[in-house]
Amino acid sequence: MIPAASSTADRLISTLHQLIHPPENWQGVRVWVRSPEGQRPAFGASEVEQPSEAACEIALDFRDGTRSTVVFDGLESGSSGRRLAESMTQAAQCLVEREVEIENLFEELGFSYEGLASIHDFGSDPTVFLTPSRAFSKVLERLIAITPGLEAAIWTVGENGIEIANCSLDSVPEPRAADIGLVGKAIQEKRGIIWRRRERVEARLDPELDSARSALVSPVVAHGIVHAVVEVWNEHEDSFDSHFMRLVEILSFQLSRVIEASRLHEERLESQRLRHDLEIGAHIQEHLLLGQLPSGLEGLDVGALSIPSQHVDGDFFDFLPQSPTCLDVVMGDVMGKGVPAALVGAAVKSEFLRSGSGSPGGESRPNAARPERIVLDVHQAITNRLIELERFVTICYARFDTRRRIVTYVDCGHTSTLRLRASTGRVDALRDECERRVNLPLGMHPDSVYRQFQSTAEPGDIFVIYSDGVTEAVGPGGELYEQRRLEQTLLEHRDLSASDLTIAIRESVVAFAGADGVRDDLSCVVIKIEPLVEREEIVLEDRLSVPSSTSQLRKLRSFTSSIAEREPTMPVEILDELLLALTEAASNIMRHGYDEDQDQGILELTVRRQSDRFVMILRDWGRSFDPASVQPPDWDDLSPGGMGVYFIHELMDDVEYIRGPEGENRLTLTRFLSRRDG
Amino acid sequence: MDIQIDSGDHVDVVRPRVSALDADNAKAFSQGVASQLQGDRSLIVDLSEIDFIDSAGLGVILSCLRRKNADGGTFALCSMSRQVASTFRLVRMDRIIDVFDTRDDAVQILGG
């Protein structure tokens, strides 16, 4: 049956119905068509309902001079919903206009019954076939029934050439390049061709046409792209004329509708997957990737923020308090996007929580694992799995110890932490100080080693740990936010609290880039070191500076003894140990840190007695000398070389060396008055 | 460095007259006893005035032991203070060097 002529709005509505397929995937979506005749519901809406304010409207100007507007309500918000609506309406307009064309053709043709039947198999509803492959086979069946002796083939066009989708021959032609013969010409010129052997000899004829007398090819075009080619031939007579060509063109066009509907269906599924991904991702981020701000800290003001991007990243951070005065912060960035990256991030973070927070409870933990050990533990637990998943994770692991005024830092390829130093008012990047101790990201190599370095964390210093989403936010002119802008923001807002400072950073980034310019997750942790209110009273603290000369060793010892021997007196055995460790440390500095016999070097000793410990801090400005870098002594060949360092580590409970800014070396030796176990 | 040297028939006793043997004076001590280190006579280092020794001091004592042994002589220490004794124990040097409580004990055994 040839459908009765109907209005453009009618056609638009019925075409939209075909494209919105299958309907159960479009639940919650409502569509109206507004035309000069008024507004009518097209899908999911009733006569009385009106679109909401969030509805998206797309106007269409038809060739006959009329304008219709399609109104979508209930699509997912954002650009993906809008894009889908636009491509749907464009496809619908194209289909409606071609439908009018077809009807005009029918009138012109007065075609044979077979031809009409084959066209009307499709009816006006290409989705009867659901999939392109079923449509192909139906078309093929119909084509060869039109006239006895016809053979037909339908080729699909891919990136690497063409292959048969359906064919009437028993021996199916091989896949081949897309530029051969008549089929090739139809693809190239995007038009149908009739060929008769008696009229034209082709140089490179399609192999299946070897014994054909005549042939017809017609491309299936959707959105300007040739998706398939219909090929019909006759080995006995010249059976193709312009009428037949019109028929095949119409079939080709209908195939293109099937392909278009199928493409829209895929797009819709993809869009749903994307939305689903976003929901899961946001959930993972909120519950699994971001840590809660720690409480009950002394000498630390901590702020954190995270703005998730439109797509989910694997950014994560968390806080692992080691004691009230010692906080570990870990931040990581999983390469890649989407839910898989977020899941990897969640897994890595939980490994850090497991490895980094040994015993629970708020007790002071002087024996907490070194940060480089924690990173190594996590590496050993997960790197093989990360390598299998082809993911890697950049990590920054930082321990802020306000009692020792030290930051210990393990840098695994993450953006470098910034430090604003109160003493100089300047911002520096911690990485610049670390002397090549940058490690590989997790997941790069099973045999990676991880090394930490240490620097000072003095009261008033501010640290900013951040993800590259901050520095790589894109401004309107395409330029990046960059580290220098972050430094500037830090300097301008240094007096704010840590959490207000994170807000200032966020506002600065968003003002620079706009909401659209923030492409990645934006994560940022701010740590402000505050003066520590000493719970443990310092019984005594004194300081002595001497020239760098071994003749001063005696003076350093008697100075230390004078403090140790005051009330309450400490056991002489402990004093012996203190003096030996002090002598070894000082003479090492004199011999290795400063050139020997060079008296201009200064060595400063601070001795501090607390109720539970005795602390000696040696500062000098000579060459860097880390006692930990010295090998333990060889017991078979005892020599004084490594023995001194052995003494220091054996006798002291804690030895901390820092190469500070401006050439300062700081070695802190701590002896607890009553030894703890473990 | 002030070092008191008493030479008997078969044994030399050297006594550094300082309170500490450390990185500052270890080399001076080594030079001060250089002639006593040669030959196969026994050598006793009397540590009675030393109340502090460090790794450099241990090193020079170790070097004395090796040189004396190389020449076929016997080497011993005596009169260690608390700090010196515990420092020797820390690196187990008390196991490879003969240590006597008093100078008389040492002379009696080594000289006899």
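This briefing describes the contact between chain A and chain B and then turns to aromatic pairs. The structure is a predicted model, and the values given here were computed from it. Where the two chains meet, 24 residues of chain A and 21 residues of chain B take part in the contact, and together the chains bury about 1800 Å². Over all chains, a search of the whole structure finds 7 aromatic pairs, two of which are described further below.

**Extent of the interface**

- Of the area of about 1800 Å² that chain B and chain A bury between them, 60% lies on carbon and sulfur atoms.
- On the side of chain B, the residues that lose the most area to chain A are B:S55, B:L90 and B:V91, which together account for 29% of what that side buries.

**Polar and charged links between the chains**

- Between chain B and chain A there are 2 salt bridges, and one of them joins the side chains of B:R82 and A:D576, with a distance of 2.7 Å from N to O.
- Across the same interface of chain B and chain A, 6 residue pairs are in polar contact, with both residues of each pair at pLDDT 80 or more.

**The side of chain B that touches chain A**

- The elements of chain B that give two or more residues to this side are the strand β5 (52-53) and the helices α3 (55-70) and α4 (82-90).
- Among the contributions to this side of chain B, the largest share comes from α3(B), which supplies 6 residues.
- Sorted by class, the side of chain B that touches chain A consists of 10 nonpolar, 6 polar and 5 charged residues.

**Aromatic pairs in chain A**

- Among the 7 aromatic pairs found over all chains is that of A:F317 and A:F319, whose ring centres lie 5.9 Å apart and whose planes stand at 65 degrees, so the pair counts as edge-to-face.
- Both members of this pair, A:F317 and A:F319, are buried.
- A:Y409 and A:F453 form another edge-to-face pair, because their planes stand at 80 degrees, over the cut-off of 60, while their ring centres are 5.3 Å apart.
- This second pair links distant parts of the chain, since A:Y409 belongs to strand β14 (residues 406-412) of chain A and A:F453 to strand β17 (residues 453-456) of chain A, with the two positions 44 residues apart in the numbering.
- A:Y409 counts as buried because its relative accessibility is 1%, and A:F453, with a relative accessible area of 6%, is buried as well.

Note on methods
Residues are numbered from 1 along each chain as its sequence is written. Chains are lettered from A and ligands numbered from 1 in the order in which they are written. This is a predicted model: local features need pLDDT of at least 70, side-chain atom pairs count only at pLDDT 80 or more; totals for chains, interfaces and linings use all residues. Side-chain values use heavy atoms; hydrogens and water are left out. Contact means heavy atoms within 4.5 Å. Buried area is the accessible area (1.4 Å probe) that two parts lose on being put together, summed over both. A salt bridge is a side-chain nitrogen of Lys or Arg within 4 Å of a carboxyl oxygen of Asp or Glu. A polar contact is a pair of N or O atoms within 3.5 Å; within protein, one must be able to donate a hydrogen and the other to accept it, and residues adjacent in sequence count only if both atoms are side-chain atoms. Helices (H or I, at least four residues) and strands (E, at least two) are DSSP runs, numbered from the N terminus. Ala, Val, Leu, Ile, Met, Phe, Trp, Tyr, Cys and Pro count as nonpolar, Asp, Glu, Lys and Arg as charged, and the others, Gly among them, as polar. Rings of Phe, Tyr and Trp (its six-membered ring) pair if their centres lie within 6.5 Å; planes under 30 degrees apart count as stacked, over 60 as edge-to-face and the rest as tilted. Buried means under 20% relative accessible area, exposed over 50%, partly exposed in between (1.4 Å probe, protein chains only).
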